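Colleague: I would love some help with reading a protein model. Could we go through it together, one feature at a time?

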Amino acid sequence: MPLKMIDRPNRPNSREAGWTLLEMMVVCGLFSILGAIAVPQYSALAMQMRVSTASTQILSDLSWAREMSMRTGVPHYVEVDSTQSGVNYRVKRTAVAGVVQSGSDPVVRSSLLGTRLTGVSFALNGATADPYGGAVSSATPGRVVFDARGLPSSSGAFFVASNDGLVAKAISVTGAGRVRVWTRSGAGWK
């Protein structure tokens with residue numbers, strides 16, 4: 001016996017299928033509520049990632065300058081570019097053995113993170129002490145020179161922060177040449 005199709009009077013015609021205006025308004029309302037919650041969270045996360053990227057890049061370049069000093073026997077140093085805003089610095093190699101001549105020493109690496117990472121700069125953001133408890137008055141030590149043994153001329157820290165003051169990191173260089181990233185946690189560092 002062949003099967004017979006039964007027409008159902010309550011089944012909508014294919015031309016009549018779709019969303020009602022009320023259903024569309026409910027869906028749009030839900031999307032706007034989710035967007036209002038997600039956008040600020042995304043913005044905060046994006047800023048944290050920018051500060052982390054800047055601090056990781058500085059850590060990498062300081063470690064590289066130290067390694068190159070030990071490998072080549074020629075002092076290398078990291079110098080903050082004060083002519084530009086943001087997180088900009090240069091890694092240089094001394095042209096004359098043991099003499100730092102900032103104007104004539106060749107640039108080995110140049111970092112213009114300030115142009116790529118908007119909203120991030122060298123800033124203390126209220127920090128009065130470095131991660132080891134030493135008093136600080138500047139967001140950068142100015143110049144960190146590594147000798148042929150990989151030891152820095154002086155210890156110090158680079159402070160990187162978001163312009164809104166919510167995220168801050170410190171990249172410290174100890175007297176033994178150890179480079180480490182610290183994250184601001186309340187009044188201290190971890």
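Modeller: Happy to; we will talk about the core, one of its contacts, and then buried and exposed residues. Keep in mind that this is a predicted model.

Colleague: How many residues does the largest nonpolar core have, and which have the most contacts inside it?

Modeller: The general idea is to look for buried nonpolar residues whose side chains are joined. Here the largest such core has 30 residues, and those with the most contacts inside it are Ile58, Leu62, Val87, Val120, Phe122, Phe158 and Val160. Among the elements that give two or more residues to this core are helix 1 (21-72), strand 4 (120-122) and strand 6 (156-162). Helix 1 gives the most, with six residues.

Colleague: With which residues is Val120 in contact, leaving aside its neighbours within four places in sequence?

Modeller: Setting those neighbours aside, Val120 is in contact with Met47, Arg50, Val51, Ala54, Gly86, Val87, Val160, Ala161 and Asn163.

Colleague: Why does Phe159 count as buried?

Modeller: Buried means under 20% relative accessible area. Phe159, which lies in strand 6, counts as buried because its relative accessibility is 1%. You can also find Asn88 from there: Phe159 and Asn88 are 71 residues apart in sequence and 12 Å apart in space, C-alpha to C-alpha.

Colleague: And Leu22, is that residue buried or exposed?

Modeller: A residue is exposed when its relative accessible area is over 50%. Leu22 has 60%, so Leu22 is exposed. Leu22 lies in helix 1, and together with Val26 and Leu30 it forms a nonpolar patch on the surface, with about 310 Å² of accessible area together.

Definitions and conventions
Residues are numbered from 1 along each chain as its sequence is written. This is a predicted model: local features need pLDDT of at least 70, side-chain atom pairs count only at pLDDT 80 or more; totals for chains, interfaces and linings use all residues. Side-chain values use heavy atoms; hydrogens and water are left out. A nonpolar core is a set of buried Ala, Val, Leu, Ile, Met, Phe, Trp, Tyr and Cys residues joined through side-chain atoms within 4.5 Å. Buried means under 20% relative accessible area, exposed over 50%, partly exposed in between (1.4 Å probe, protein chains only). Helices (H or I, at least four residues) and strands (E, at least two) are DSSP runs, numbered from the N terminus. Contact means heavy atoms within 4.5 Å. Patches are made of residues with over 30% relative accessible area and no salt bridge: like charges are joined within 9 Å, nonpolar side chains (Val, Leu, Ile, Met, Phe, Trp, Tyr) within 5 Å. Accessible areas come from the Shrake-Rupley method with a 1.4 Å probe; for residues, only the protein chains shown count as cover. A salt bridge is a side-chain nitrogen of Lys or Arg within 4 Å of a carboxyl oxygen of Asp or Glu.
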